[in-house]
Amino acid sequence: MLTLLFVMLAVVCVSVPSVANYRVNWLTNRVSGAVTAAMVLEAAPNGMVSEKLAMQVLDSIGAKTVVLKMKDSRRLLAASDLPPQIDVTVDLRDLGWPDMIRQAFGTLTAPDGRIMRVMAHAPMNGEFIELTMPEAPLREAMLRFARNILLFSLAVAVITAGLVHLALSWLIVRPMRRLTHAMVAFGENPEDQSRIVEASSRTDEIGVAERELSAMQRQLAGALQQKNRLANLGLAVAKINHDLRNLLAAAQLFSDRLTDSDDPMVQRFAPKLLQTLDRAITFCQSTLSYGRAVEQPPQRRPVPVAPLVTDVRELLGLGGEDQVGWIESIEPDLIIDADPDQLSRVLLNLSRNALEALRGKGETDPAHDHIRVTGRRTGPDVLIEISDTGPGVPDKARQRLFEAFSGSARPGGTGLGLAIAAELVRAHGGTVALVDGTLGATFRIQIPDRTHEAP
């Protein structure tokens, strides 16, 4: 429909000048016939021709009179019936396109019986030649010409519209319909890999849309599969948690008896063992809080940083004759406004990752392979950095470093440690990031103090 409309509009724009030009050519042909007739009449002996011959000449050009204007006279070369009056005059000697178009519309809308006078350049040193004729034959010829143009244009428009329709259907409509069906089918079952659209080799916008849709569907299907695995993992953890909590509670009862021992070594480690069991039971009661995707809000209070770092070292079993060194560089009396249990989890996860990275190299030497924990205050923020001298974090793991099950650089690792640490730090309004340009890997934790409203 649009092609038909546009072609017809183009035909109108072209046919109007064409009809006007056809009118001028038609009149020019009649003038040429009149010039030939004038030359024949002038060639007659003494300018005398029979009336029958003059009528035949006039009939051949469709004119009623032919007049030749010389310098000082007007000569009537031939005449049939003198018209009563002249209704319109057309001067072909000086005729521009606006006049041609205006006069063409005038001829098409002229009433029947109108007589026109046509003037043109004359031969034989004459000023001009003039002939009078009825306008009806010209109007009929113009209408016939316009009708032919219209029919031809309609045929061209129909053929063009059909070809355009077929081309659009093949190049655009069919691929878009295929994309639509693929999206609907994928929406019904996003986990079905067979419903992912296959991208074609097209390089236009539709080809780009196919490739982007295929990539998006693959990412979405993978994300849904990962969500299902996480849901299954959460269900499994919930089942294991019940029995594990009971076992830890029993272990706590047995460990309480250790406090009655007189052994100095037992007296030293029993409180830490009890504290560790208390934390484990708390984690079990929250059903692995990360698996629930809901962490408890931090219970923040001023906490010394040095004892937390020492507890982490002891939980990792470092500081003795271990083959991995441990270096602490904490500002004296550094206090942080944080939840001690959650901050301990953050430090433990990052330190354990550093320890596993160092041990993953093979044999270690505490003189070169060590973990360094530094802490300092910068205004309202406390900065804690945990660095190691290991191989560092690969570029591939950096892209999704703090995403669960995605940011692990160690074979067999889950990536949960960094994800848990990042979530707990964000809950404090802080940030945790990998510092570039350091030997091994350095993670910087920044936790700001809480802002208190003035009383």
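The exercises below, each with a worked solution, concern a predicted model.

**Exercise 1.** Determine whether W170 is buried or exposed, and state which surface patch includes this residue.

*Solution.* Begin with the location: W170 belongs to helix α4, which covers residues 136-188. Next, compare its relative accessible area of 57% with the cut-off, by which exposed means over 50%; W170 is therefore exposed. Finally, W170 joins L168, L171, I172, V173 and M176 in making a nonpolar surface patch of about 560 Å².

**Exercise 2.** Classify S351 as buried or exposed, and describe what surrounds its side chain.

*Solution.* S351 sits in helix α9 (residues 340-359), and its relative accessibility is 1%. Because buried means under 20%, S351 counts as buried. A polar atom of its side chain lies 2.7 Å from the backbone oxygen of L347. When residues up to four places away in sequence are not counted, S351 touches V312, L316, W326, I371 and I386.

**Exercise 3.** Check the span of helix α11 against the expected value, and establish how many of its residues are buried.

*Solution.* Helix α11 runs over residues 416-427 and has 12 residues. The expected span is 1.5 Å times one less than the number of residues, so α11 should span 16 Å, and the distance of 16 Å between its end C-alpha atoms agrees with this. As for burial, 10 of the 12 residues are buried, so that α11 is mostly covered; among them are L416, L418, I420, E423 and V425. Just after α11, G429 adopts a positive phi of about 80°.

How values were computed: Residues numbered from 1 in each chain as written. Predicted model: local features only at pLDDT ≥ 70, side-chain atom pairs only at ≥ 80, totals over all residues. Heavy atoms only, no water. Patch = residues over 30% accessible without salt bridge, like charges linked within 9 Å, V, L, I, M, F, W, Y side chains within 5 Å. Areas by Shrake-Rupley, 256 points an atom, 1.4 Å probe, with all protein chains shown as cover. Salt bridge = Lys/Arg side-chain N within 4 Å of Asp/Glu carboxyl O. Helix = DSSP H or I, 4+ residues; strand = E, 2+ residues; numbered from the N terminus. Buried < 20%, exposed > 50% of the residue type's maximum accessible area, 1.4 Å probe, protein only. Polar contact = N/O pair within 3.5 Å; in protein donor to acceptor, adjacent residues only side chain to side chain. Contact = heavy atoms within 4.5 Å.
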